[in-house]
Amino acid sequence: MASDWSRWFRSCLWSLFFYFVYSHVKLVLSEEAENCESLRLGQYLCNDPKIDEATQEPENCRDMTAWVECLPAPNITCRLSNGTEFRFSGDEVGFNKTIPCRNVSGYSYKVAVALSLFLGWLGADRFYLGYPALGLLKFCTVGFCGIGTLIDFVLIAMQIVGPADGSLYIVDYYGARLTRLSITNETYRKPHLSL
């Protein structure tokens with residue numbers, strides 16, 4: 001009696017196992033391939049953009065965006081932009097991805113920091129960045145007796161004070177860039193729980 005029950009139990013387990021394997025294979029085979037642009041991180045690798053030496057921005061910048069080629073990982077199947085499904089080996093370009101470009105106009109971050117550190121008391125940093133009135137005021141007051149020089153050095157080093165034309169500093173593409181975070185009416189604010 002015990003052996004009949006154990007045989008029946010084993011056969012049920014094997015049947016259940018084969019049913020789950022069959023269901024999984026059927027699900028995998030029936031799935032439609034997703035669009036290549038909607039692949040998740042880790043399923044593709046994008047090439048590095050070609051960097052312009054003068055601006056330290058991608059060479060193909062148009063309207064503040066540039067395109068880079070992305071290669072899906074080996075054995076990934078996805079749908080190309082023309083609608084055909086393709087299985088990638090890891091060497092083929094699957095899609096192009098946009099990356100942002102920055103508005104730069106010739107003001108170097110390194111030069112601005114060096115001028116602020118060594119000639120800030122003469123106002124050279126402010127003249128360089130396009131603030132001639134503040135540069136002249138710093139020159140006449142010897143950098144506001146040194147206090148203005150120190151404050152300007154910190155503000156320029158933290159990239160809070162930038163060029164007067166509203167552009168951004170030229171910083172090495174893979175260098176230390178700062179991104180300003182701002183709060184607007186569209187910013188999500190997590191509600192506080194009352195205690």
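**Figure 1. Asp125, Lys138 and Asp152 in the predicted model.** Asp125 and Lys138 are both buried. The structure shown is a predicted model. A salt bridge joins Asp125 to Lys138, with the closest N and O atoms 3.1 Å apart. This pair links distant parts of the chain, as Asp125 lies in helix 3 and Lys138 in helix 4 (residues 132-140), 13 residues apart. Lys138 also forms a salt bridge with Asp152, and here the closest N and O atoms are 2.8 Å apart. Asp152 belongs to helix 6 (residues 147-157) and Lys138 to helix 4, so this pair ties together parts that are 14 residues apart in sequence. Like Lys138, Asp152 is buried. Salt bridges with shared partners connect Asp125, Arg126, Lys138 and Asp152 into one network.

**Figure 2. Arg126 and the ring of Tyr131**. Arg126 is one of the residues in the salt-bridge network of Figure 1. The charged end of Arg126 sits over the ring of Tyr131, at 5.2 Å from the ring centre.

**Figure 3. The salt bridge between Asp172 and Lys110**. Side chains of opposite charge can pair when their charged atoms come close. The count for the model is six salt bridges. In the one shown here, the closest N and O atoms of Asp172 and Lys110 are 3.2 Å apart. Asp172 is in the segment after strand 7 (168-170) and Lys110 is in helix 2, so many places along the chain that the two are 62 residues apart and the pair links distant parts. Asp172 is partly exposed, with a relative accessible area of 35%. Lys110 has a relative accessible area of 56% and is exposed.

**Figure 4. Two aromatic pairs, Phe86 with Phe88 and Tyr107 with Tyr128**. A pair of aromatic rings is described by the distance of the centres and the angle of the planes. Five aromatic pairs are found in a search of the whole structure. One of them is formed by Phe86 and Phe88, which meet edge-to-face, with 4.9 Å from centre to centre and 70° between the planes. Phe86 is partly exposed, at a relative accessible area of 34%, whereas Phe88 is buried, at 2%. Tyr107 and Tyr128 also form an edge-to-face pair, with 5.6 Å from centre to centre and 80° between the planes. Tyr107 is in strand 6 (residues 104-108) and Tyr128 is in helix 3 (residues 124-129); they are 21 residues apart, and the pair links distant parts of the chain. Tyr128 is partly exposed, with 23% relative accessibility.

**Figure 5. Ala66 and the residues that touch it**. Ala66 is located in strand 2 (residues 65-72). Its relative accessibility is 0%, so Ala66 counts as buried. Leaving aside residues up to four places away in sequence, Ala66 touches Pro58, Asn60, Cys61, Lys97, Thr98, Ile99 and Cys101. One of these contacts, Ile99, is 33 residues from Ala66 in sequence, yet the C-alpha atoms of the two are 5.3 Å apart in space.

**Figure 6. A nonpolar patch on the surface**. Leu117, Phe118, Leu119, Trp121 and Val142 make up this patch, which covers about 510 Å². Helix 2 (residues 109-119) supplies the largest share of the patch, three residues. Leu119 is in helix 2. With a relative accessible area of 36%, Leu119 is partly exposed.

How values were computed: Residues numbered from 1 in each chain as written. Heavy atoms only, no water. Patch = residues over 30% accessible without salt bridge, like charges linked within 9 Å, V, L, I, M, F, W, Y side chains within 5 Å. Areas by Shrake-Rupley, 256 points an atom, 1.4 Å probe, with all protein chains shown as cover. Salt bridge = Lys/Arg side-chain N within 4 Å of Asp/Glu carboxyl O. Helix = DSSP H or I, 4+ residues; strand = E, 2+ residues; numbered from the N terminus. Buried < 20%, exposed > 50% of the residue type's maximum accessible area, 1.4 Å probe, protein only. Contact = heavy atoms within 4.5 Å. Phe/Tyr/Trp six-rings, centres within 6.5 Å; stacked < 30°, edge-to-face > 60°. Lys NZ or Arg CZ within 6 Å of the ring centre and 35° of its normal.
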